[in-house]
Every structure is written in C-alpha cells, then in structure tokens.
Amino acid sequence: MRARWAAWAVAWCACTAAAPFEPRASHSSTMPSPVCDPLLLHNPPPLPLNAREHEAAVVHTARALADLVEKGIADEARATALARAVARAPLSPMPAAVALGAPQLHLGVLYVSEPSRLIIFQQNNSATLRQFWRTLASAWNATSVVWSNAWFSCEKDEEGWWGGIAAARGTGPTRAAAAIFRRWSSLPCEEAMHDWLGEFPRCDPVTTECEASRALRDGERKLEYNCKCRPGHWSQYGGGWVNGDSLERNNRNPLTCTPCGMGSSATACLADVYRVGLLAANLAGMLLCVVIGLIIFRKRKCKAVAMGMWTVLEVVLFGALLMYASAASQYISVPKWRCIAGAWLRELGFVACYGSVVLRLWVLLAEFRTRKAHRWTPKDSEVLRVVGAMVLGAGCYLAAFTATAACEEDIGGCARAAWHHVTGAAEILLLLAGIRIAYAARNANVPFQERGLLSAALWAEAACGVWWRGVAWVANDAAPERWPVAAVARAHLSSGAALACVLAPRLWHGYRARSLAQEVSRRGPAEGFGAEGEEEPTSEEVRAELKRLYVQLEILRNKTIRRDNPHISKRRGGRKPPHRRFSLQALQARRGGKGKPSGGASVVEASEAGDASRTPEDSVCSVEGPSHYTDGDTQA
C-alpha cells in the first residue's frame, strides 16, 4: 500500500509536465488562451515582512487538510471551502491564490482570488497552471516549508509576477500538501529577463537599481524596466524611477548616478543632507553626555552633586549616551546589524538611565520612611548592584531578541513588531513603578526639589513611550524603530528628559553656590571676619574659627538628639556606659564606708556628687558614644 501511495504522488508530480490544456473552471467555461510558457527566475523574490505568519498559515492549512484525509471526509467541496477560508485570512499581503492537494485521493484544487475562480486538478493543464502544481508538489518530500522562485505568467487571467510557499503535513496515506501564492507588481532585474525585455537594461548595476514589471502597452514585449539611483547617489533625472523607453529615446548610454558629495545637486541629495544633520545631532548629544560626565566627576564632592549620589548620576549619563548611540546606529548599512545594534543600545541605555532614576526615588523613600534614631540609608554600592542586576536581565532578554532577529534576514533584517511592542510595554511598566514610588514619597522633605524633578522625568518619558507605541500600533504593526527620523526624535526626547530634569538642576545649584562664594570673596576683608581696617585672616585663623563652629554645632546636635528622644531612657542621665558602676555596695566599697553608721548619708552625698559631676555630654545614648569637649576646643 505504501508503494501504491508513493506511485500516486509521483504521478501527481509528473502530470505537471503533460501537454497544456485549458482547465475547467467552476463558474463558467472560457475560450482557450494562446500558449505562453512562463518566465522562471533564478533568484528568489523578496519575502514579505511577516514571512513567519505566511509560513504558519500554510502549515496550519496543510495540517487541516491532513486531518480531513485522516477522518476520511476529504473531498472537493471541503477542500474548496478550506481554500476559500485561507484566501480570506488576514495576511499582509493577502493571498492571491491557494492550492490544496492529496494525491492518494486524486484530490487537487486551486482557488484564485481575483478574478474569483476555482480550478480542479487534472492531468492536462496550461503551462501557467503547471507552475502552481509544481510549487504545491515541491513540499511533498520536505519536512519544512518551501519558498518557490517567482515566475511571470503571460496568460490573460494570471498575467504578472507569481510566487508562493508550500508545506506538507501528515504521514503515509494521510499526508496532504498546501500552498499559498502571492503576486508582485515588479521584481528586481536579473539575467533571465533580458530576452523578455528585448535588450540589456540601460541601468548601471553599481549606482542604480533596476526593476521589471508588466508592460502597460500592447506589443511584442511583455516586460518593461525602470531605473533609479541608489541611496546616496543622484542624476539629472532626479531621484525617482526612470522608464527604460525614455532612456532609449534620449540617450544611448546607460543611466549612471554620481555619489552625493562635493559638487552634487542639493535638491537631489536633500535626503542625504537630512541624514548628515541627524547624525550630527546624535553625535552632539553623545558629546554633551561625555562633557557633563567629566564635570560631574570633577565636582563629585560638591554638596549638590554628592547628595544625589554622583556614581548614580554617572550611570544616568551613560544610559543617555547609549540612547543617543542607538539613534546613530540607524545609519549602519547592513539591515540586520542595524536592527540588533539599535535594540541593544536603546534598551541597555534605557535600563541604565531610568532604572537609576527609579532607584534614586527608592532611596529617597527609604530615607523618608525610616523612623529610627539610627537612620538606614542605602549606599551607592548597593544601588549600583541593583542597577547591574537590571542591566543583566535586560541583556538576557536582548539575547533572545538577537537570536530571533538573526533568523529574520528575509524580512529586512529586523524582528517582527511584536518584539518591539513587548519591549515598549516593559519600559512603561518600569516607568509606572517609578511614578508609584515618587507618589509614595510625596511628603518627603528633599533638598533641591529632587523628588519633583525625578518624577517629571518619568512622566515625560512615559508620555513619549505611550505615544510611540500608539504610532506603531496605528501604522499597521510597523516597528517605528526602523525609521531613522523617528529613532532620532525618540532618542532626543528620552535622553533630553533625563538630562533636563535630573542633571541640569544639580549643575545649576552647584554653579549658583559657587557664584555666591565668589561674591562673598569679592567683598573684601571689611565685610569678612573682623571689623573694617583689620587685616585679612590667615589660614590658621580660618581653620581655628571653623573648628570652633564645628564643635558648637556638634554640641547643639547632641542636645537636639537627646531632646524628647523615645530611644533614650527616662532615668536621670539616661543609659550609662558599661564601665560605670553606681550601686550602693560599689560606692561604699570605693569610699571605704562599708559597715559604718553614717554610711547611708555618705552614699547619698557621693551619689549626688557623682550626679552633679556628670555633664550632659556623658549621657548621650547613640552609637556615636559620648562626646567630650574642653574649653580649648570651644575657643578660637
């Protein structure tokens, strides 16, 4: 039985080489058209952007037909209904024709969408129909889908460029095949077309692009060609397509384009001028991040910079630099590497920049919610470790993205828009988490209005992200990451929000403090430490004065800590150090009054004397221990 089914499959494939005969259609009979052998191309045609969706559709169709064959209910009516349903599938582009076949049942149908007609397989078919059946039979012995080369049909109903994808599923007597076909208005020129074009195309293969399409005028030639300058080149005909007939009439030489550069046409190379301007804007943004990073490192001990964790600020700058670089990567010539480099730089930069902003808000919230005498503050190293973990997680996700994009060379070298939608959703979730933390810390007293500025940066980026994904959704699931202008605008909005709201205020506060210090120094010694006419104090005098002020501030700080502090004992003097002993027996032994009648009075006096001798500084109950100062320390 297996050999019999194999013989039927061989007969089905071999019948495509039979003599041509007009097939019978389902709706009406037509007059036979003149015999015309199709033009077969040697190079594969460009695949659709959603090639994976076409492959999945043809595999599901073949599996559905195999299920019908396995159940024993496969016939022409059910096969026709299945072909019509697949032809109406929401694919882009829509299927132009669908073919189904099960050779063991002598079953083969071909449904053409425009004009709508049904063709039943038979041994005598036209030359064009044989190409449909050959494409369907090409996947019979294959385990994966098969993309066929394109062909040009010169018959009246099917005139134009055709191509398809086929797949077979099932085993043994239940195996079935399906094929989905699509059409093109034009295809790139190749050597197999020269006889149909009438001559060699007058297009320079180095500086121009050539495409062949169906001839609009009736004549001997079925094809005509058009030429256009490649990107970065210009000619006297402009940047559009030039018909081959006009080239033959006006000039016998091939169309040759000149690279854009010195002496080029400004109008023809306007797109290249825009590209150079956008690239310059991206490089300027990257240079600005480097300059600000050097300033932050130099002023890392400044109060405005140090209070904001200067290491975290450097990470924010590094993330903004990567986002600028992601827009600059749009000018890589290879589409696959352009897509991969743009995705890696954008997402790693986003996580480093806005992840640091979210963690800085978390630090402010942790400090605000700590209600203990010894306040817990996350260190810079802890924040950097969390940022590193976030970047590592983003790298794992991008590794999967890279593996997918590497397999998508047939759709322009970039992954499908679904990847970009998922990535955008993850970005918005991170921003919403940061906004939630900022709202929780709304009552915190933060210097330099840091919480409000960080929240403004998150809100601005969230609005831009939602708008960006909305544009991608409206544009028929087209990933806007492939548009250089849109990528540049997105990079400047994301990085600009971080630079304007996170770093610019701190640099401004630092500059203003420096300006005030310079203004005080310009007033002279008359408005300085002493009265008018005194000499300017020396460095030793300034150091002694500052030391006296610091000691006074430390004393006031300790007194403030002790005042109404619930963590210090209410007993007189508070908690005592471990080496202090105040028991009656210890005092009696120390005074030598043990067993004397007047011992009680002496103990009381000693206790009072000991209490009177203790200073407030000896009763400070904190981890810093008691502070001891002398009169010499408090005097200049």
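## Cavities in the model

A cavity here is a set of grid points where a 1.4 Å probe fits but cannot get out, and a residue lines it if one of its atoms sits within 4 Å of such a point. With that in hand, keep in mind that this is a predicted model. The count comes to five cavities of 30 Å³ or more, and the largest of them has a volume of about 60 Å³.

Which residues line the largest cavity? Going along the chain, they are Gly308, Val312, Leu313, Val316, Ser356, Val357, Arg360, Glu450, Leu454, Val502 and Arg506. By type, that lining splits into six nonpolar, two polar and three charged residues. Four helices each put at least two residues into it: H9 (310-328), H10 (335-369), H13 (450-474) and H14 (484-522).

## Arginine 360 and helix H9

One of the lining residues deserves its own look. Arginine 360 belongs to helix H10. Is arginine 360 buried or exposed? Its relative accessibility is 7%, so it counts as buried, the cut-off for that being under 20%. Setting aside residues up to four places away in sequence, arginine 360 touches Met307, Gly308, Met309, Glu450, Leu454 and Arg506. Gly308, Glu450, Leu454 and Arg506 also turn up in the lining of the largest cavity.

Helix H9, another contributor to that lining, is mostly covered, with 15 of its 19 residues buried. Its length checks out too: at 1.5 Å a residue, the 19 residues of H9 should span 27 Å, and the end C-alpha atoms are 27 Å apart, which agrees.

## A four-stranded open sheet

Over to the strands. E9, E10, E11 and E13 form an open sheet in the order E9-E10-E11-E13, with antiparallel pairing. The edges are E9 (186-188) and E13 (242-243), each of which pairs on one side only.

In the middle of that order, E10 (residues 208-214) and E11 (residues 223-229) pair in the antiparallel sense over seven bridges. You can pick out the register by eye: threonine 208 stands opposite cysteine 229 in E11, and alanine 212 stands opposite tyrosine 225 in E11. E11 also joins E13 through two bridges, again antiparallel, and there asparagine 226 stands opposite asparagine 243 in E13. In a regular strand the side chains alternate between the two faces of the sheet. How many of the seven residues of E11 are buried? Six are, so the strand is mostly covered.

## Glycine 164 in strand E7

Glycine 164 lies in strand E7, which covers residues 160-169. At 4% relative accessibility, glycine 164 counts as buried. Leaving aside neighbours within four places in sequence, glycine 164 is in contact with Thr135, Val146, Trp147, Ser148, Ile180 and Phe181.

There's a long-range pair to look at as well: the C-alpha atoms of glycine 164 and alanine 96 are separated by 9.4 Å, while the two residues are 68 residues apart along the chain.

## Helix H15

Last stop is helix H15 (residues 539-562). Its 24 residues should span 34 Å at 1.5 Å a residue, and the end C-alpha atoms are 35 Å apart, which agrees.

Which residues of H15 are buried? Arg548, Val551, Ile555 and Asn558 are, so an arginine and an asparagine sit alongside a valine and an isoleucine in that set. After H15 comes aspartate 564, whose phi is positive, near 50 degrees.

Conventions
Residues numbered from 1 in each chain as written. Predicted model: local features only at pLDDT ≥ 70, side-chain atom pairs only at ≥ 80, totals over all residues. Heavy atoms only, no water. 1 Å grid on protein atoms, 1.4 Å probe; cavity = no way out; pocket = protein on both sides within 12 Å on 5 of 7 lines; lining within 4 Å. Points joined across faces, edges and corners; volume = space filled by probe spheres on them. Nonpolar A, V, L, I, M, F, W, Y, C, P; charged D, E, K, R; others polar. Expected span 1.5 Å × (residues − 1). Buried < 20%, exposed > 50% of the residue type's maximum accessible area, 1.4 Å probe, protein only. Contact = heavy atoms within 4.5 Å. Pairing = 2+ DSSP bridges.
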